[in-house]
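The exercises below are to be worked with the sequence and the model side by side. Each task is followed by a solution in steps.

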Amino acid sequence: MQLIKRYFPVILAVGISGLCPVAHALEFEPGIGAGLAYTDNADLVHDNEEDDIVAIGYLGARLSEDSGPLRFDASSAITYQKYLDDTVGDQTYFTLGSSAEWEQIRGRLYWNASDFFTQRKEDSLEAGRASNLQNTNVFTLGPSMRFRPSEAHSVNVNSQYANWLYQMRPTLQTGLDGGVNAVYYNDEHRNPNTVSSNLHAVLSGTGPHSSYTVNLGATHVSRDRFDSTSGFTGDVAWLRELTGHSSLRLYLASQLTNASDNLLDSQTNPDDGSFGNEQINGDVVRNSTMTIVYRRTDDTFNTTIRAEVRDFDYKESPDDRRTYQLGADLNYKVSPLVDGGLNVSYRHLEKDDTNRTDKEYRIVGNINYHLSRNLRSAFAVRYQNKSSDVKLDEYNETAVFIGLIWGHGSVPHTGIL
């Protein structure tokens with residue numbers, strides 16, 4: 001009941017949208033599912049592991065509109081997990097990913113909104129057990145104005161940034177981009193309020209099979225109770241179409257930023273870096289990143305291979321670290337009724353302040369059998385292992401899952417994966 005009260009505005013908004021006169025233009029896909037999972041280490045601990053069977057219930061939906069002046073896409077889910085032997089207390093998780101754009105004046109004035117609600121680790125170095133998860137929500141709302149003084153010039157202004165772009169040639173564009181971002185915390189004694197401003201020179205271009213964007217500039221950060229900080233900020237993104245079905249993307253960045261901005265960027269631009277490698281706090285951080293993503297998509301075999309190197313240099317908090325991450329996501333459609341997948345990941349983390357090293361491995365394999373157009377059964381096996389200089393943070397776990405899903409989404413395996 002408390003969960004319904006807490007998310008009543010979201011549920012109400014979805015209900016009203018479904019009843020409004022333009023409902024025929026919407027795409028609405030509900031989802032419901034249930035599953036059972038067995039785990040040999042329910043709380044992901046180093047010793048005294050306890051096995052358990054987890055009953056899982058899932059309720060989700062996706063609502064989208066891609067025509068007319070209002071365009072949006074929203075997916076949400078509520079997952080309930082009951083540990084039958086009470087090794088862990090009952091858990092309820094809510095997730096929401098949504099973005100919307102309303103064209104108020106055609107080609108000139110737009111209103112943009114986004115909301116991303118997820119669970120993240122409170123201490124990023126510990127296991128993702130229930131006691132180490134916290135709710136995080138990133139909400140943005142504001143106008144966006146677009147002007148075109150001439151065919152070669154364009155100006156965009158919104159609540160987060162403003163830019164001017166000049167089309168030098170059909171394949172080459174340059175300009176300036178800048179903005180001011182203010183972050184205010186409820187508890188100012190725990191996290192100081194922050195105002196950051198930045199200005200970048202922009203260069204972007206396209207070729208027959210590739211495209212690139214370069215941003216180079218500086219950022220100035222002013223915070224309550226701490227000295228101001230200034231420094232270089234820049235990033236380079238390069239995308240190469242290898243074939244009609246595959247691509248390679250390279251991203252390099254060195255940014256003076258904070259956890260709030262990085263959390264939003266990880267939701268809107270996931271190929272720029274994994275937020276799971278960062279510690280959530282109110283500090284300013286120098287985030288240096290290199291990611292390489294290979295992606296192949298066709299009717300039967302989809303592949304994503306990702307490599308990431310990140311260095312986090314925090315200004316005050318003792319959370320400096322370097323991470324090296326490699327992962328592969330393979331999905332294969334065996335037949336019209338059967339598909340399967342394999343997810344493999346490895347992370348190596350070095351924490352500077354304590355000379356700590358962590359290594360994490362994770363393998364998940366799954367098979368889905370489609371009983372009808374909307375109904376499918378799922379079977380999955382997961383193995384994960386973590387070794388660490390802090391022995392209490394080490395663990396091994398093997399889990400087996402079986403479930404039934406109707407409609408949108410999927411029933412998560414044990415825990416938040």
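**Exercise 1: Helix α3**

At the start of helix α3, a side-chain oxygen of N258 comes to within 3.0 Å of the backbone nitrogen of S260. The model is a predicted one.

Task: State which residues of α3 are buried, and which strands they pack against.

Solution. Step 1: α3 covers residues 259-268, and its buried residues are A259, N262, L263, L264 and S266. Step 2: The buried residues of α3 pack against β5, β6, β13 (246-258) and β14 (284-296).

**Exercise 2: The strands around β6**

Task: Find how many bridges join β6 to β7, and in which sense the two strands run.

Solution. Step 1: Begin with the other pairing of β6. Strand β5 (residues 109-121) pairs with β6 (residues 133-147) in the antiparallel sense over 13 bridges. Within this pairing, Q119 has N135 of β6 as its bridge partner. Step 2: Strand β7 (residues 153-158) is joined to β6 by 4 bridges, and the two run antiparallel. S144 stands opposite N158 in β7. Step 3: The connection between β6 and β7 has 5 residues, and the two strands form a hairpin.

**Exercise 3: Two residues of β4**

Task: Decide whether W102 and L96 are buried, partly exposed or exposed.

Solution. Step 1: W102 lies in strand β4 (residues 91-105), and L96 is found in β4 too. Step 2: The relative accessible area of W102 is 41%. Buried means under 20% and exposed over 50%, so W102 is partly exposed. Step 3: L96 has a relative accessible area of 11%, and therefore counts as buried. Step 4: Leaving out residues up to four places away in sequence, W102 touches P69, L70, L109, Y110 and W111. Step 5: For distances across the model, the C-alpha atoms of W102 and R249 are 31 Å apart, with their positions 147 residues apart in sequence counted as separation. For L96 and F232, 136 residues apart along the chain, the C-alpha separation is 34 Å.

**Exercise 4: A loop residue**

Task: Say where N193 lies, and whether N193 is buried or exposed.

Solution. Step 1: N193 lies in the loop between β9 (172-183) and β10 (194-206). Step 2: With a relative accessible area of 9%, N193 is buried. Step 3: Apart from neighbours within four places in sequence, N193 is in contact with V183, Y184, Y185, E188, S222, R223 and D224.

**Exercise 5: Consecutive hairpins**

Task: Trace the pairings of β18 with β17 and β19.

Solution. Step 1: β17 (residues 338-351) and β18 (residues 356-370) run antiparallel and are joined by 14 bridges. K351 has R356 as its bridge partner in β18. Step 2: The hairpin of β17 and β18 has 4 residues between the strands, and there N355 takes a positive phi near 55 degrees. Step 3: β18 pairs with β19 in the antiparallel sense over 13 bridges. V364 stands opposite R382 in β19, and the β18-β19 hairpin has 4 residues between its strands.

**Exercise 6: A nonpolar patch**

Task: Name the residues that make the nonpolar surface patch, and the strands that each supply at least two of them.

Solution. Step 1: The patch, of about 760 Å², is made by L36, Y38, I53, L84, I367, F379, V381, V400 and I402. Step 2: At least two residues each come from β1 (27-39), β19 (375-388) and β20 (395-407). Step 3: I53 lies in strand β2 (residues 52-65). With a relative accessible area of 40%, I53 is partly exposed.

Key:
Residues numbered from 1 in each chain as written. Predicted model: local features only at pLDDT ≥ 70, side-chain atom pairs only at ≥ 80, totals over all residues. Heavy atoms only, no water. Pairing = 2+ DSSP bridges. Buried < 20%, exposed > 50% of the residue type's maximum accessible area, 1.4 Å probe, protein only. Contact = heavy atoms within 4.5 Å. Patch = residues over 30% accessible without salt bridge, like charges linked within 9 Å, V, L, I, M, F, W, Y side chains within 5 Å. Areas by Shrake-Rupley, 256 points an atom, 1.4 Å probe, with all protein chains shown as cover. Salt bridge = Lys/Arg side-chain N within 4 Å of Asp/Glu carboxyl O. Polar contact = N/O pair within 3.5 Å; in protein donor to acceptor, adjacent residues only side chain to side chain.
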